[in-house]
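Hello,

I am passing a structure on to you, and my notes on it follow below. Please have a look at it before you read on.

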Amino acid sequence: MGLPAHIADRLRLPAIAAPMFLVSGVDMVLAACKAGIIGAFPGNNARTLEVLDDWMGQIARTLPADAPPWAINIMVHRSYARWEEELELVLKHKPPIVITALGSPKAVVEAIQGYGGLVYADVNSLTYAEKAAATGVDGLVLVAAGAGGHTGPLSGFAFAPAVREVFDRTIVLGGAIGSGQAVRAAQLLGADLANLGTRLIACEESLAVPAYKQMMIDSSAEDIVLSAALTGIPANWLKGSLIAAGHDPDGPKDKVAIDLGRPEDGPKRWRDVWGAGHGVGEVRAVQPLGTIVDKLVSEYAAALSAPR
Ligand SMILES: Cc1cc2nc3c(=O)[nH]c(=O)nc-3n(C[C@H](O)[C@H](O)[C@H](O)COP(=O)(O)O)c2cc1C
């Protein structure tokens with residue numbers, strides 16, 4: 001079954017502009033859908049529920065009916081106080097896709113499918129993939145090794161084929177996918193869609209501050225540091241931002257308890273320490289998101305016609 005035809009037909013490239021904390025907002029979602037990929041943002045990027053209500057209303061009103069679908073990402077984790085109120089707004093605005101993160105999607109699947117929405121669950125292991133699949137979700141977002149922000153430990157080369165064997169609905173693969181060739185490779189591994197995070201952080205429409213975008217341009221894969229010390233969950237960070245924030249450049253050592261509150265409530269992770277994955281080397285300039293997607297589309301076309 002893979003990706004439903006009514007979605008595939010509306011995409012220029014089989015990809016999602018991945019939801020990213022403090023990076024993706026309304027402008028990025030609209031630019032992504034306009035460029036022909038799925039646009040997504042995390043609900044907690046909206047400072048208040050009133051702002052979230054406004055953002056979802058703007059997106060729903062602006063996009064034409066035949067545009068690629070848009071998605072909101074909601075955290076369903078006990079340490080995230082706002083998820084039930086975010087769910088109420090989801091039911092009001094009916095985003096075509098809801099991506100759940102960091103908890104079981106079980107509590108939300110029925111309500112979202114009830115209005116015709118699709119639920120994709122973010123997972124970082126085979127065990128979680130199987131558990132999430134059992135809740136009846138429409139898709140799984142596989143967060144593989146090398147992904148920016150909270151990352152999984154498994155190589156996408158092993159993760160996607162293993163999940164494809166047991167799950168016949170939509171598979172999204174993320175983790176260092178930064179070129180059209182890599183998008184095609186994800187499909188060959190069994191995925192239906194690629195999740196593009198790191199590749200899009202430096203787009204003009206992103207909420208990332210200019211210094212973050214510049215560090216993306218200046219960094220290579222070797223400047224990415226894996227550490228669980230900032231949020232309690234293993235995540236990939238830009239080494240330069242760790243140093244600037246006074247951390248050990250090889251990554252802070254002590255693991256902390258999981259706490260997903262807003263960054264201003266605690267240490268300055270995310271706001272001052274910047275997430276990025278192994279695909280950072282593909283970022284060479286600050287460009288409109290549409291220009292980046294155009295390049296990926298032509299690389300993808302070249303990969304489709306490559307002899308081998
Ligand atoms: C700075 C940053 C913030 C992120 N924030 C979120 C988030 O709030 N929710 C989420 O589900 N995933 C988040 N992610 C993960 C992305 O949605 C996506 O899975 C990942 O970026 C894909 O790997 P890539 O960065 O190698 O492209 C974040 C990633 C980055 C780089």
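The protein chain splits into domain 1 (5-206 + 285-305) and domain 2 (210-265), with bounds that come from an automatic or database domain assignment. Between the C-alpha centres of domain 1 and domain 2 there are 22 Å. Their contact involves 15 residues from domain 1 and twelve residues from domain 2, where contact means C-beta atoms, placed from the backbone, within 7 Å. On the domain 1 side, eight of these residues are nonpolar, seven polar and none charged. Here Ala, Val, Leu, Ile, Met, Phe, Trp, Tyr, Cys and Pro count as nonpolar, Asp, Glu, Lys and Arg as charged, and the others, Gly among them, as polar.

Please keep in mind that this is a predicted model: local features need pLDDT of at least 70, side-chain atom pairs count only at pLDDT 80 or more, and totals for chains, interfaces and linings use all residues. Residues are numbered from 1 along each chain as its sequence is written.

Next, the ligand. It is surrounded by 27 residues (C-beta atom, placed from the backbone, within 6 Å of it), and the closest are G148, G149, G197, G275 and G277. This shell has 13 nonpolar, twelve polar and two charged residues.

Finally, helix α9 (residues 210-218; helices are DSSP runs of H or I, at least four residues, and strands of E, at least two, numbered from the N terminus). Its residues Y212, K213, M215 and M216 are buried, with 20 or more other C-beta atoms within 10 Å of their own (12 or fewer is exposed, in between is partly exposed; C-beta atoms are placed from the backbone). Seen down the axis of α9, the buried residues fall within an arc of 160 degrees, so they line one face of the helix; the arc is that of the directions from the helix axis to the C-beta atoms. Their cover includes β11 (235-238) and α10 (239-244).

Best wishes

Notes
Contact = placed C-beta atoms within 7 Å.
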